[in-house]
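Dear colleague,

I am passing this structure on to you, and I would be glad if you kept it open while you read. My notes follow below it.

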Amino acid sequence: MNRDGVRKSIWQEEIKSFPATINFEGEYDIAIVGGGITGVSTAYELQKSGKKCILIEASNIGFGTTGGTTAHINNFLDTTYSQAISKYGLEDAKLLFESVNDAIGIIEKNINDNNIDCDFEKKTAQLFALDEKQVKQLDDILKGAEKVGCEMNLINDISFPIPFMKAVGIPGQAQFHPIKYISALCQSFLNSGGIIVENCFCQSHSEEKDWIVIDTSKGIVKAKNLVYATHIPPGINMLHFTNAPYRSYAMAFTLKSQNYPQELGYDLMDPYHYYRIQEINEETLLIAGGEDHKTGHSDDTGLCFTNLENYVRQYFDVDLVRYSWSSQYYEPVDGLPYIGKMPETSKIYSATGFRGNGMIFGTLSSRIISDLILEGKTKYRNLFSPSRIMPIAGFSEFVKETATVATDFIKDKLFVEKVSSLVEIHEGEGKVVKYEGESYAVYKEKGGDVHLLKSTCPHAKCEVRWNSAEISWDCPCHGSRFDVNGKVLTAPSVTNLTRVREKDL
């Protein structure tokens, strides 16, 4: 019952398995693949409407990004309203703001309707600029927020012991315990007649005349509609070229002074740092995050934790580090997520590209996808459509991301040439090595046991790279991740890395 890495997140103790479902094969109105906040919220919404739903999770509920989030609930976004106005126009920017507030309302309603104890608290956020460049960014953010109706107020002091030049307070934000929240929604889903199948890998699907046939590791499911709530849909499709995978790092600290800031906090560095507090086991902890980078593009992922810890210690009187973990998210090329019907399909839906706003857009996805399935329409269809074409807003970024992926294909082939023999691998280390014209992903345990895999990601044939912080093999092209035995941790790959026995070399 882990997340998508070996490090333990602050929420992990609340992750639990649900009773195994026997003989779940059959016909359903909707099959939802993925047991994070997107999949669980969508399954709950559709089952509540009277549909017959099955929720399929490759590991356990909360395994992926929902188990690794820092669970900020914001009505301001990584894509600022100024940027949205520039790219989409004022009316769509206002619609974006409306959608975000809708998502917060859905979370609150779900909590109230189901009497969920998930540490939900309303908070004020503080957004602060640390230098002149960030001051200009903040001024631009303020202008856009005012135009769409997002309240931001200039403040003279912040609750964080960090020198700043300008700051705003943003009321109406919130935080919660994400695993307590989705676990309770799962129970309500089950109570309404829904089916949950954990440790069940969705291997493929095919669209037939009346049904979508889903081949899983535990059997065949037929559904009239299929929802991929898997962070990014599996297989190879256009969404993999309009999203880029990133890792973000988080740590939870005790403070010597016990002087914990009560507000949510964010700076404007690139990548930015973010802060909140949480009580776990009757102990208050400061959660800090940052050090984001594209998946598979850090030479030393362990250094990301070191850098984050050093940055926090520079300003806070840190006592102990209680937790440290990382998580994955996807950056869309034009700044907005892709939520709705997948391109060139009739009854298959997906939700991806949430940036750092997964709790908001995962929740919003449940409303958008439910409306599309139940009513065939939603007021947010065009804004978030996976089929949207934005040649002005997104084309340059699309070209840039596509070029990066293409470059990775080339660089990865050169990357494996740099290592000449297995002798270079030390205990506790992983490397991609070249041996007699073939490349392999090699991990050597402490004690000397070697795990040997073919290094080519089955998804799009990129070469995986070693992630020392999470003890995993990560694909730099589309974000697939694998454990040391080659097992898929994170889609879009639906196939494990090939294991190799030494006698096969």
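**What was found**

Strand β8 (residues 202-207) and strand β9 (residues 212-216) run antiparallel and are joined by 5 bridges. One of the pairs involves C202, whose bridge partner in β9 is T216, and the two strands form a hairpin with 4 residues between them. Please keep in mind throughout that this is a predicted model.

A second piece of sheet is found further along the chain. There, 4 strands form an open sheet in the order β21-β22-β23-β24, and the pairing is antiparallel. Because β21 (465-467) and β24 (488-490) each have a single partner strand, they stand at the edges, and one side of each is left without a neighbour in the sheet. The partner of β24 is strand β23 (residues 481-482), to which 2 antiparallel bridges join it, and you can find one of these contacts by looking for F482, whose bridge partner in β24 is V488.

Turning to the helices, helix α1 (residues 37-48) is a good one to check with a ruler. Its 12 residues should span 16 Å at 1.5 Å a residue, and since its end C-alpha atoms are 16 Å apart, the two values agree. Helix α1 is mostly covered, with 11 of its 12 residues buried, among them I37, V40, Y44 and L46. Just after α1 comes G50, which takes a positive phi of about 105°.

Helix α7 (residues 358-375) can be treated in the same way: its 18 residues should span 26 Å at 1.5 Å a residue, and the end C-alpha atoms lie 25 Å apart, which agrees. This helix, too, is mostly covered, as 14 of its 18 residues are buried, and α7 is followed by G376, whose phi is positive, near 80°.

How do helix α2 (residues 81-88) and helix α4 (residues 132-148) pack together? Their axes are 7 Å apart and make an angle of about 70°; angles of 65 to 115 degrees count as roughly perpendicular, and α2 and α4 are therefore roughly perpendicular to each other. On the α2 side, the residues that meet α4 are Y81, S82 and I85, and among those they meet in α4 are D140, I141, G144 and V148.

The largest nonpolar core has 84 residues, and those with the most contacts inside it are I10, L55, L96, M152, F176, Y181 and F384. Helix α3 (residues 90-113) gives the largest share of this core, 9 residues. If you select F384, and leave aside residues up to four places away in sequence, you will see that F384 touches L96, S99, P337, Y338, I339, F361, L364 and I368. Apart from this core lies another, of 23 residues, which includes F128, I158, F160 and A288.

Finally, is Y275 buried or exposed? This residue, which has its place in strand β13 (residues 274-280), has a relative accessible area of 0%; buried means under 20%, and Y275 is therefore buried. Its contacts, not counting residues up to four places away in sequence, include H72, F128, F160, E263, L286, A288, Y311 and F316. A288 is worth selecting together with Y275, as the two are 13 residues apart in sequence and 4.6 Å apart in space, C-alpha to C-alpha.

With best wishes

Terms used. Residues numbered from 1 in each chain as written. Predicted model: local features only at pLDDT ≥ 70, side-chain atom pairs only at ≥ 80, totals over all residues. Heavy atoms only, no water. Pairing = 2+ DSSP bridges. Expected span 1.5 Å × (residues − 1). Buried < 20%, exposed > 50% of the residue type's maximum accessible area, 1.4 Å probe, protein only. Core = buried A, V, L, I, M, F, W, Y, C linked by side-chain atoms within 4.5 Å. Contact = heavy atoms within 4.5 Å. Axes fitted to C-alpha atoms, helices over the stretch in contact; angles between N-to-C directions. Parallel < 35°, antiparallel > 145°, perpendicular 65-115°, else oblique.
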